[in-house]
Amino acid sequence: MKYQTILAILFAAIAFCLSGTALATPAEKPVPWNWPEEPENLKVLTQLKGQRLAPVMTGFTRALGVRCTHCHVGVDGESFHDYDFASDEKLAKRTARRMLEMLGDINSHLDEVEHSGPEPVNMWCDTCHRGRPRPLRLHDELAEVYVASGKDAALAHYEELRERFYGRGAYDFGPNALNSFGYQVLGDGDIDGAVDIFERNVALHPDNGNAHDSLGEGYMKQGRTAAAIESYERALQLNPRNDNARQQLEVLRQAR
């Protein structure tokens, strides 16, 4: 190919690229989303408009440990322009309205209570929720999982909750929670499952006398006399005033 031909092709390519650049238009900047000055379908927080909505809605998400899609129709990560904030499709949004009405009712009654300190006590969402959508007591939540999926799933759920919430006040991870759950399982006739739960409680709280006392009861119901005696002895050692442990030890020693 002649030099002149190569040069002509090169110039033509450059011209084509330049023409494309000249014709190209810069990408339009996305329109920023703003809190609406006239929100649609407000039924409880009717006094809130525009930026006044921001701290309240943010407070809800933090109190319940959720994102906007918990109550509103939309897709996480997508633009708020695409959300249907007015929709009442989701149960969580309809429930939230009732909860806010209840909250207002409680606080109105608290206003009538004589203050025990310099400032009145007021309720807010995180008083109960503390970062959870459903503010169940720990042993009640474990019982739900147990009924649905069994003991192993419930104990696994306990470990997940403990990993996520320990030290944050959302759940009581003291010995009483697993102890209460263990007795619920025992009441259902699942002795082996209850013993597994009591054993886990003792492993987490080895210096709690009541945990050893409950484990002793579980072993006793399993017919494991020696293990029951050992648990009751440890319970009595930790709490010499534990009359139940003392009485059960007398019964077990006589039986053996």
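Me: Leaving aside its neighbours within four places in sequence, which residues is threonine 61 in contact with?
Reply: Threonine 61 is in contact with Val66, Arg67 and Cys68, where contact means heavy atoms within 4.5 Å. This is a predicted model, in which local features need pLDDT of at least 70 and side-chain atom pairs count only at pLDDT 80 or more, while totals for chains, interfaces and linings use all residues. Residues are numbered from 1 along each chain as its sequence is written, and side-chain values use heavy atoms, with hydrogens and water left out.

Me: What makes the approach of threonine 61 to the backbone oxygen of threonine 58 a polar contact?
Reply: The side chain of threonine 61 reaches that oxygen at 2.7 Å, and a polar contact is a pair of N or O atoms within 3.5 Å, one able to donate a hydrogen and the other to accept it, with residues adjacent in sequence counting only if both atoms are side-chain atoms.

Me: Which residues of α11 are called buried?
Reply: They are Ala245, Gln248, Leu249 and Leu252, since buried means under 20% relative accessible area, against over 50% for exposed and in between for partly exposed (1.4 Å probe, protein chains only).

Me: How do you know on which side of α11 these buried residues lie?
Reply: They cover an arc of only 110° around the axis, so they lie on the same side of α11; the arc is that of the directions from the helix axis to the C-beta atoms. What covers them includes α9 and α10.

Conventions
Helices (H or I, at least four residues) and strands (E, at least two) are DSSP runs, numbered from the N terminus.
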